[in-house]
Amino acid sequence: MTFAPGLSTVAATIQTAIAPVFLLAGIGAILNVLAGRLARIIDRTRALEQLHPRSTGPEHDRHVWELRILDRRIGVISAAISLCVASAVAVCVVVALLFVARIVNLHIGLAVAILFIGTMILLTIGLALFLIEVHISLKAIHVRAELLERERK
């Protein structure tokens with residue numbers, strides 16, 4: 001017995017799979033942004049790690065404070081990347097299941113729906129972590145009062 005689906009079956013499955021494939025492209029763009037942020041965090045961490053041993057007093061304390069924040073940001077953005085990658089993998093599995101189900105006439109609509117819901121949950125949590133990381137970075141940016149020279153107006 002051969003499994004040779006008709007052209008119309010393959011075409012219909014491709015049409016069904018287009019929305020998840022577009023979602024996959026969007027997740028790819030999100031991952032690109034997340035990876036860029038992670039790279040910037042790592043660059044800043046490396047720069048501070050070089051300054052840390054040579055610093056003293058308030059400057060040293062500021063470096064330690066910022067390194068702690070950077071370490072936290074690395075953890076949060078790493079978790080966001082992991083969840084978004086898991087979401088992308090789940091989308092790939094959904095697309096594969098759509099084809100397998102159509103070709104071998106499996107009735108796994110409920111399983112595909114549940115997996116797609118899981119995909120959206122993973123993506124949502126990943127995006128929430130991204131938002132948390134952005135808020136951490138914004139709270140950490142403090143321009144010292146003496147640099148603002150507010151008294152000069």
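Two residues are in contact when heavy atoms of each lie within 4.5 Å. The exercises below concern a predicted model.

**Exercise 1.** Determine which helices the buried residues of α3 pack against.

*Solution.* Begin with the extent of the helix: α3 covers residues 109–140, 32 residues in total. From first C-alpha to last, α3 reaches 47 Å, close to the expected 46 Å. Next, select its residues with under 20% relative accessible area. The buried set comprises Val-112, Thr-119, Leu-123, Gly-126, Leu-129, Glu-133, Ile-136, Ser-137 and Ala-140. Finally, follow their contacts: these buried residues pack against α1 (7–51) and α2 (57–104).

**Exercise 2.** Establish how many residues form the largest nonpolar core and which helix supplies the largest share.

*Solution.* The core has 20 residues, and those with the most contacts inside it are Leu-23, Ile-27, Leu-31, Leu-34, Cys-84 and Leu-123. Each of α1, α2 and α3 supplies at least two residues of this core. The largest share, 10 residues, comes from α2. Apart from this core lies another, of 5 residues, including Val-94, Val-95, Leu-98 and Val-112. As an example of contacts distant in sequence, Leu-23 touches Val-91, Phe-116, Thr-119, Met-120 and Leu-123, with residues up to four places away not counted.

**Exercise 3.** Describe the lining of the largest pocket by position, helix and residue class.

*Solution.* The pocket has a volume of about 380 Å³. Its lining consists of 14 residues, of which Trp-65, Glu-66, Ala-140, Ile-141 and His-142 are the closest to the centre. Both α2 and α3 supply at least two lining residues, and the largest share, 6 residues, comes from α2. By class, the lining divides into 7 nonpolar, 2 polar and 5 charged residues.

Key:
Residues numbered from 1 in each chain as written. Predicted model: local features only at pLDDT ≥ 70, side-chain atom pairs only at ≥ 80, totals over all residues. Heavy atoms only, no water. Helix = DSSP H or I, 4+ residues; strand = E, 2+ residues; numbered from the N terminus. Expected span 1.5 Å × (residues − 1). Buried < 20%, exposed > 50% of the residue type's maximum accessible area, 1.4 Å probe, protein only. 1 Å grid on protein atoms, 1.4 Å probe; cavity = no way out; pocket = protein on both sides within 12 Å on 5 of 7 lines; lining within 4 Å. Points joined across faces, edges and corners; volume = space filled by probe spheres on them. Nonpolar A, V, L, I, M, F, W, Y, C, P; charged D, E, K, R; others polar. Core = buried A, V, L, I, M, F, W, Y, C linked by side-chain atoms within 4.5 Å.
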